[in-house]
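Here is a friendly walk through one protein chain, written for someone who likes to check values against coordinates. Keep the viewer open as you read.

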Amino acid sequence: DLETHLRRCQQLSVTVLTDHQDLKNTELKTILNSTAPQQYRIRAKLRTYKPQKLYQSIKLHCSKCNSLQEVPDGDDFDLILRGAAATAPNPELHNTSWYNSVMWTTQDQNQRKIAIHFVKHDEMLQQPEDTLLMVEGGTLKEVWKLTKRFKCVIPVRSTEDHLELLDLSAPFLLQGNIKYYGCKQCSTPKPIVSLSPIAAEQRPSWESSEIAQALGIEPLQYVFVMKFTLVDGTGALNAYLFDY
């Protein structure tokens, strides 16, 4: 794997890091004293790389404001879900022209109320693998169970007037095992009813980008970020890897 390969690179006395055979090797000292952009071929040793754990290399990037942030962990999401579950679903928002609603009370000590709203197409419910649904009051475990069965899951809460997204620290959409996040700075979240025009389409695809646009969300993209420190005896150069 990549971590093992990087450690081997550190152990080798010299590592060839680029493959431009038409260029002569250039010392890092010369590169550091040059004006960018230039193209060089170097021969150097990998002294250090960060982060040390490969999973920490995955970040969330906003292409609009160019911000970079850590991927929230499951505990953060669970806390947001539990906080939203403290407010019971509003029955007046159930069973509209574009979704059917089901609500039940859990048998545990808290007797939590959970509501699931299944989006309809041509007045009919679609097959689970084609269905988008909104869930209120679910725990992290319950939400993940739904993502295994249905195409799209959107965690929501209800106000007096409409269903709305949770805090954008939580994903605005889940598809399979992928969590989609929105930029807090660049997004202007709209009520969930903004999805109804998509539901009215002949064949709604429920693509994440389409859902984000309808809901006023500027989506964050998962990126791979690493920092390498290269040395060749004449100087040290920091190299950054940033890729989707």
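Helices and strands here are DSSP runs, of at least four residues for a helix (H or I) and at least two for a strand (E), and they are numbered from the N terminus. Please keep in mind that this is a predicted model.

**Backbone points in the loops**

With that naming in hand, Asn-66 can be placed in the loop between S3 and strand S4 (68-70). Its phi is near 65 degrees, a positive value in a residue other than glycine. Is Asn-66 buried or exposed? Asn-66 counts as exposed because its relative accessibility is 57%, and the exposed class begins over 50%.

Trp-206 also has a positive phi, about 55 degrees, although it is not a glycine. Look for Trp-206 in the loop between helix H5 (196-199) and helix H6 (208-214). With a relative accessible area of 1%, Trp-206 is buried, the limit for that class being under 20%.

Two prolines deserve a look as well. A cis peptide bond joins Ala-36 and Pro-37, with omega about -5 degrees, and Pro-37 sits in the loop between helix H2 (28-32) and strand S2 (43-50). The bond from Lys-50 to Pro-51 is cis too, with omega near -5 degrees. Pro-51 belongs to the loop between S2 and strand S3 (58-61).

**Helix H4 and its two sides**

Which residues of helix H4 are buried? In this helix, which runs over residues 140-149, they are Leu-140, Val-143, Leu-146 and Thr-147. Seen down the axis of H4, these buried residues fall within an arc of 120 degrees, so they line one face of the helix. The face turned away from that buried side carries the exposed residues Lys-141, Lys-145, Lys-148 and Arg-149.

What covers the buried residues of H4? The cover includes helix H3 (74-85) and the strands S6 (113-121), S8 (132-136), S9 (152-158) and S11 (173-175).

**An aromatic pair**

A search of the whole structure finds three aromatic pairs. In one of them, the rings of Trp-98 and Tyr-99 have centres 5.0 Å apart and planes at 80 degrees, so the pair is edge-to-face. The reasoning rests on a cut-off: planes over 60 degrees apart count as edge-to-face. As for accessibility, Trp-98 is buried at a relative accessible area of 10%, and Tyr-99 is buried at 4%.

**The cavity**

How many cavities of 30 Å³ or more does the structure hold? There is one, and the volume of the largest cavity is about 30 Å³. Its lining is made up of Pro-155, Leu-165, Leu-166, Asp-167, Leu-168, Ala-170, Pro-171 and Phe-172. By class, the lining residues divide into seven nonpolar, no polar and one charged. The charged one is Asp-167, because Asp counts as charged.

**Further residues and their distances**

Glu-210 is found in helix H6. At 23% relative accessibility, Glu-210 counts as partly exposed. Leaving aside residues up to four places away in sequence, Glu-210 touches Ile-198, Glu-201 and Ser-205.

Leu-230 has its place in strand S13 (residues 221-231) and counts as buried, with a relative accessibility of 6%. Ala-86 lies in the loop between H3 and strand S5 (99-105). At 67% relative accessibility, Ala-86 counts as exposed.

For each of these residues, the table sets a separation along the chain beside a C-alpha to C-alpha distance.

| Residue pair | Separation along the chain | C-alpha to C-alpha distance |
|---|---|---|
| Leu-230 and His-117 | 113 residues | 54 Å |
| Ala-86 and Phe-150 | 64 residues | 25 Å |
| Glu-210 and Tyr-181 | 29 residues | 14 Å |

**Looking back**

Among the things to find again in the viewer are the cis bond between Ala-36 and Pro-37, the positive phi of Trp-206 and the edge-to-face pair of Trp-98 and Tyr-99. The buried face of H4, with Leu-140, Val-143, Leu-146 and Thr-147, is another good place to stop.

Technical notes:
Residues are numbered from 1 along each chain as its sequence is written. This is a predicted model: local features need pLDDT of at least 70, side-chain atom pairs count only at pLDDT 80 or more; totals for chains, interfaces and linings use all residues. Side-chain values use heavy atoms; hydrogens and water are left out. Rings of Phe, Tyr and Trp (its six-membered ring) pair if their centres lie within 6.5 Å; planes under 30 degrees apart count as stacked, over 60 as edge-to-face and the rest as tilted. Buried means under 20% relative accessible area, exposed over 50%, partly exposed in between (1.4 Å probe, protein chains only). On a 1 Å grid over the protein atoms alone, a cavity is a set of points where a 1.4 Å probe fits but cannot get out, and a pocket is an open set with protein on both sides within 12 Å along at least five of seven lines; lining residues have an atom within 4 Å of a point. Grid points are joined across faces, edges and corners, and a volume is the space filled by probe spheres set on the points. The arc is that of the directions from the helix axis to the C-beta atoms. Contact means heavy atoms within 4.5 Å.
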